[in-house]
Amino acid sequence: MAKGIREIRRSIKSTKNTRQITKAMKMVAAAKLRRNQERAEAARPYADKIQEVIASIASGTSGSKHPMLQSRPVKKTGYIVITSDRGLAGGYNANMLRAVVNTIAEKHKSKDEYGIFVIGRKGRDFFTKRGYPVLEEITGLKDNPSFADIKKVAGNAVQYFSDEKIDELYLCYNKFQSAITQIPTVKRLLPLEAPEGNTERKMDYEYEPSSEEVLSVLLPKYAETLVYSALLEAKASEEGSRMTAMGNATDNATDMINRYTLQYNRARQAAITQEISEIVAGANAQA
Amino acid sequence: MSKMTVEVVTPERVVYSGQASMVIARGVQGDLGILPKHMPMVTPLKIAPVQIKVEGDQVVRMAVSGGFMEVRGDKVTILAETAEMPGDIDVERAKASKGRAEKRLSEKYPELDVQRAERSLQRALARIDVTK
């Protein structure tokens, strides 16, 4: 490592700049993570409640014939894939996309058998570049997506299913475990499995106008809610993953700066020693 | 007077939670007044104001869209895509959007998405009504 003093000083400076950026990103990600977690928490009562009501309708009216609850022969499968718009989030997108690609490779032989609804720029670029059939896409979602933002994709995907353009729908997202662990998950959304009802608390509801009609209003809403909560969870995962990645980057930068500083000091000392010995040699020669 | 628990929940947060003596909402088949000990019931709601009578004359009003109501025992839960309290509503904006929707509906040009305009009008009306 025969680097001149000046080069070393420059590397130290540039690494310090990088560290400052990664450190800031880490802190931003941490703040966003907290906010996203709160949002995911706040969305839970709605999802729980809607699930509870559907469960009690489904258990009360046995043999409900709503198409969203019926499995039919699968000719075409839809995937909703949630990725991020921005990178620098460690393995967040790569892990998700690998899981999706593996699932697709396992289950399908030709491109006619599936279609992808993709959320997030990273996923969109990945799938379009490799020629996967992308049915719909959204990019540029806000950091704190509202229900209205997601309603379009979720609603469209559900519509595709009702129109029988697809016969099942999978939801692929990074499940939030902790700030360090996110698990890429592929989960079946449609046809819905009628949520298990708690039979003890079963209620005989009066439905207005009828149970079938209530169900047909609720089921699409339920599916959309599931997509929304998956999105919130994915956002939390994204920030968690980014926080960890940026934390590691900051640590690495610190290590590098330490190494460079040591090198720099050694080189500086060597230069001084050399200078002294030159002066001494000069003085001796004159004497 | 007997009371019941009322909760208004949207996908984003719990908007309202508290005790009440009566809830008035507009179901798909007409207005409903729910008192404590109502029979268990589920119904979708229209885009309209919901009134929650808390105590005596005190009434909480909110504009609800895309919702449904579940009544069970002494608990009423309203789940909605949006639910706004008077404080959250921008009256000027609601009035402007009412005007816009009315104009669109009255012009009747062919490519008009009538349902969308009507929904927008209803939302604006509900918002204005709530803030009165």
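**Two chains of a predicted model, value against definition**

Guide: Chain B, read along its sequence, follows the pattern β-β-β-β-β-β-β-β-α-α. The model is predicted, so local features need pLDDT of at least 70 and side-chain atom pairs count only at pLDDT 80 or more, whereas totals for chains, interfaces and linings use all residues. Residues are numbered from 1 along each chain as its sequence is written, with chains lettered from A and ligands numbered from 1 in the order in which they are written.

Visitor: What makes a run of residues a helix or a strand in such a pattern?

Guide: Both are DSSP runs, numbered from the N terminus: a helix is H or I over at least four residues, and a strand is E over at least two. By that rule chain B holds 2 helices and 8 strands.

Visitor: Why is A:Val81 called buried?

Guide: A residue is buried if 20 or more other C-beta atoms, placed from the backbone, lie within 10 Å of its own; it is exposed if 12 or fewer do, and partly exposed in between. A:Val81 has 27 C-beta neighbours inside 10 Å and therefore counts as buried. The residue lies in strand β1 (residues 77-82) of chain A.

Visitor: Which residues does A:Val81 touch, leaving aside those up to four places away in sequence?

Guide: They are A:Val100, A:Ile116, A:Val118, A:Ile119, A:Gly123 and A:Cys172. Contact here requires C-beta atoms, placed from the backbone, within 7 Å.

Visitor: How do you know that the span of helix α4 of chain A is close to the expected one?

Guide: The expected span is 1.5 Å times one less than the number of residues. Helix α4 (residues 147-162) has 16 residues, for which 22 Å is expected, and it reaches 21 Å from its first C-alpha to its last.

Visitor: Where does α4(A) bend?

Guide: The bend is at A:Val153, by about 25°, taken as the angle between axes fitted to the seven residues ending there and the seven starting there. A:Val153 is also among the buried residues of this helix, which include A:Phe147, A:Ile150 and A:Phe161. Just after α4(A), A:Glu164 takes a positive phi of about 60°.

Visitor: What makes β8 of chain B a mostly covered strand?

Guide: In β8(B) (residues 75-84), 9 of the 10 residues are buried. For chain B as a whole, buried residues make up 34% of its 132 residues.

Visitor: How do you know that β8(B) pairs with strand β7 (residues 58-72) of chain B?

Guide: Strands pair if DSSP finds at least two bridges between them. Between β7(B) and β8(B) there are 9 bridges, so the criterion is met, and the strands run antiparallel. Their hairpin has 2 residues between the strands, and B:Gly73 in it takes a positive phi near 55°. Strand β1 (residues 4-9) of chain B is joined to β8(B) by 5 bridges and runs parallel to it; there, B:Val9 has B:Leu79 as its bridge partner.

Visitor: How many residues of each chain are in contact with the other chain?

Guide: 21 residues of chain A are in contact with 21 residues of chain B. On the chain A side, α1(A) provides the largest share, 7 residues.

Visitor: What are the counts of nonpolar, polar and charged residues on that side of chain A?

Guide: The side divides into 15 nonpolar, 2 polar and 4 charged residues. Ala, Val, Leu, Ile, Met, Phe, Trp, Tyr, Cys and Pro count as nonpolar, Asp, Glu, Lys and Arg as charged, and the others, Gly among them, as polar.

Definitions and conventions. Two residues are in contact if their C-beta atoms, placed from the backbone, lie within 7 Å.
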